[in-house]
Amino acid sequence: MMRVTNSMIVKRTKTNINNNRSKVDYTNNQMSTQKKITKPSDNPIIAIRSLRLRSTLSTITQYYENNIPDAESWMDCTETALTNMKDLLTDAYSRVVYGATDELETEDRQTILKALQSLQQQIYCEGNADYAGRTVFTGYKTDQNLTFMSNAEAKQEHYEITEKFDYRDVEKKKYYANGFDDTSDENLKNNSPDVFKEVELNRLRLAYDKITKDGNSLTVSYGDVVDTKFEENKITVGVKGGGSITAELEVQKDAAGNVLTDADGNPLMALKQPLTVVQPNSAEGEQYHIYQTSAGTTPPYTYGVYKNEDWDAANNQPKAGAVPAETVNIQVAGDNTKSPVLSAGAGTSAPISYRVTDTTSLRDADYKIGDNEIVFDHENGELIFSDKVAEVLDSNRADLQLDYDKTGFEEGELRPEYYFNCTRYMKDRDNITYENFDEDGNWLTQGIFYNIAGGQQMQINTEAREVFNSDIRRDLDELIDIVSTAISAQTTVDDIKKKIDSGNYEGEDLKKLEEWYDAANKQLDYAKQNMHDTYSSYITKFQGYLDDTNLEITDLGGRGERVALTKSRMGVQQSTFKELKSINEDMDLSDLVINYTAASVAYQCALQAAAKIGKMTLLDFI
């Protein structure tokens, strides 16, 4: 039998008391934190599960409480702007419908004019809507506005813009010449009224007017083989897939050095010789050669496009009897040495010339456009041509590209960098180049995506080009011009009628007034009919703008619904993981009280027992 000493009893008692005190401390700490563990070593399994649950819950909380509300706010701001845009377009649509009415008085036209002028100033304002200082329609450039904000800023801007069209963009337009509004006695007595003229032509309208006259070039591509570019004193004929031939132009002179002219006195232009042949490598590895097949030094010139197997490389010319794959005709515009040639296209015999002019010159010339001519009205921002040219473009499925400079814009106009490939010229730093289309002409999207759930992204922005069509302002400009013309024509008729009714004119003077009155009425009839026809045709245009806006509102609403569904799911997941985290980490309060009470009672009992044992000696056990 082992001997038990007093010191052994005391030591054992102290150890047990300390264990009970540690348990009291542990349960007291649990009581304070209401957690199952305070350090990983308390329970490694709970600790590992806690880390996983906390990480997942943190991610869900970021989606649910930050990303999703931010996305919703951005989309709400966008929806408000689109709704306002819809209201503006609805108002514009109603004015266009009203303007198409046959029976309109001067007061009615004045009402339409003021309404359209107000809409013109407001139409793009919604495009500058911002959320938390970030504009919502400008793609990645959220620190910039969609439009020019002031005339002072806009007038200083200088851009080189590339605008592309195809044959399907060609539209009919009626132009008028010999209009008049001067009803002074001096004009009415000393001049005779010209016959009012109406001309229907085809046009391609640019996004802007008031284009710089010089420094523009037009490129036309036909089918899949040849395109032609016109700039300064050069013509460039190229092969799609790579490569081109550039022909420089020069004024033709006789042996004495005198400039040769055509029947109208315009200088004749011809190609400098010899021509340099470029052998391009297309995407399929095919090589092409472009060779002048026509003789002589006066236009038009005919070029043949030859495949590599039909080319005599040694003599730098086609093989004997070789037939060109395509034929290109080139005609130099003699009246403008800086506006050379436009090809009529592959397989077409009639050449098309290209020249640059302005609206005033076109009106003075009664809008006489040659059958094989494209005229660029830089003042009004239009390419104008005849039905014959339109047929050539249509039959050859032509693509057109105009590169032009524009210096000076107006407040409220759209900034080009959101719609076109362009270069912005800067005074104090390097120029900025904006690329919005790739080489194949595909739009490079600038969608802004938010992560709203694990593995789920949502585009929150709507790009300006999808709803703020650059044609809207130009359409409103035309509608304003047309109603202004009708108002002016009515005023002219009224002024001349007052002169006739005044009794102050007789004889030849009265007869001349009556001639002017007839001409003024003819002008008024045209203005009324043109207003009716144009406004009627624009009903479809503005309905299209409304449809585009409604489509974007619907698309935005659909994305908003998906965000709402994700938000609901994230809310449920957040609640679920909070509950799992609580089950894994938290102690039940009743269990905490019971455990703490039991540990405390055991500790107190141990102290009392130790006190009694401490008073005893070995003799008390004998």
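This note goes through a predicted model point by point, from the whole chain down to single residues.

1. **Overall make-up.** The chain has 622 residues, and 43% of them count as buried. Its secondary structure comes to 10 helices and 24 strands. The accessible surface is about 32100 Å². Carbon and sulfur atoms hold 47% of that surface.

2. **Long-range contacts.** Take the contacts in the chain with a separation of 6 or more. Residues 24 or more positions apart account for 65% of them. Several of the pairs below join parts of the chain that are distant in sequence, among them K541 and E171.

3. **Salt bridges as a group.** The structure holds 28 salt bridges. Some of the charged residues are linked in a network of salt bridges: E171, K173, R203, R205, E382, D471, D475, E478 and K541. The next three points take up pairs drawn from these residues.

4. **K541 and E171.** These two side chains meet in a salt bridge, at 3.5 Å from N to O. K541 sits in helix α9 and E171 in strand β4, with their positions 370 residues apart in sequence. K541 counts as partly exposed because its relative accessibility is 22%. E171 is also partly exposed, at 23%. Both values stand a little above the 20% under which a residue is called buried.

5. **K541 and D475.** K541 has a second acidic partner. D475 forms a salt bridge with K541, and the closest N and O atoms are 3.4 Å apart. Here the link runs from helix α8, which holds D475, to helix α9, which holds K541. The two residues are 66 apart in sequence. How accessible is D475, buried or exposed? D475 is buried, with a relative accessible area of 0%. Its partner K541 is partly exposed, at 22%.

6. **R203 and E478.** The side chains of R203 and E478 meet in a salt bridge of 2.5 Å, N to O. R203 lies in strand β5 (residues 197-205) and E478 in helix α8 (residues 471-501), so this pair ties together parts 275 residues apart in sequence. Both R203 and E478 are buried.

7. **Q523 in helix α9.** Which residues does Q523 contact, beyond its neighbours within four places in sequence? The partners are N178, G179, F180, F196, A489 and T492. Q523 belongs to helix α9. Its relative accessible area is 7%, so Q523 is buried. One of the partners, N178, is 345 residues away in sequence. In space, the C-alpha atoms of Q523 and N178 are 9.2 Å apart.

8. **N178, the loop partner.** N178 is found in the loop between β4 (171-177) and α5 (185-190). Its phi is positive, about 65 degrees, although N178 is not a glycine. N178 counts as partly exposed because its relative accessibility is 21%. Under 20% would be buried.

9. **D366, another positive phi.** D366 is not a glycine either, yet its phi is positive, about 60 degrees. D366 lies in the loop between α6 (359-364) and β18 (373-377). With 14% relative accessibility, D366 counts as buried.

10. **Q120 in helix α3.** Helix α3 covers residues 106-122 and includes Q120. Q120 is buried, with a relative accessible area of 15%. Leaving out residues up to four places away in sequence, Q120 touches R473, L476, D477 and I480.

11. **An acidic patch.** Which residues form the negative surface patch? They are E506, E508, D509, E514, E515 and D518. E515 is found in helix α9, which spans residues 507-585. E515 is partly exposed, with a relative accessible area of 38%. That value meets the patch rule, because patch residues must have over 30% relative accessible area.

12. **Helix α9, drawn together.** Helix α9 recurs through these points. It holds E515 of the negative patch, the buried Q523 and K541, which pairs with E171 in strand β4. K541 also reaches D475 in helix α8.

Notes:
Residues numbered from 1 in each chain as written. Predicted model: local features only at pLDDT ≥ 70, side-chain atom pairs only at ≥ 80, totals over all residues. Heavy atoms only, no water. Patch = residues over 30% accessible without salt bridge, like charges linked within 9 Å, V, L, I, M, F, W, Y side chains within 5 Å. Areas by Shrake-Rupley, 256 points an atom, 1.4 Å probe, with all protein chains shown as cover. Salt bridge = Lys/Arg side-chain N within 4 Å of Asp/Glu carboxyl O. Lys, Arg positive; Asp, Glu negative; His and termini not counted. Charge placed at Lys NZ, Arg CZ, Asp CG, Glu CD. Helix = DSSP H or I, 4+ residues; strand = E, 2+ residues; numbered from the N terminus. Buried < 20%, exposed > 50% of the residue type's maximum accessible area, 1.4 Å probe, protein only. Contact = heavy atoms within 4.5 Å.
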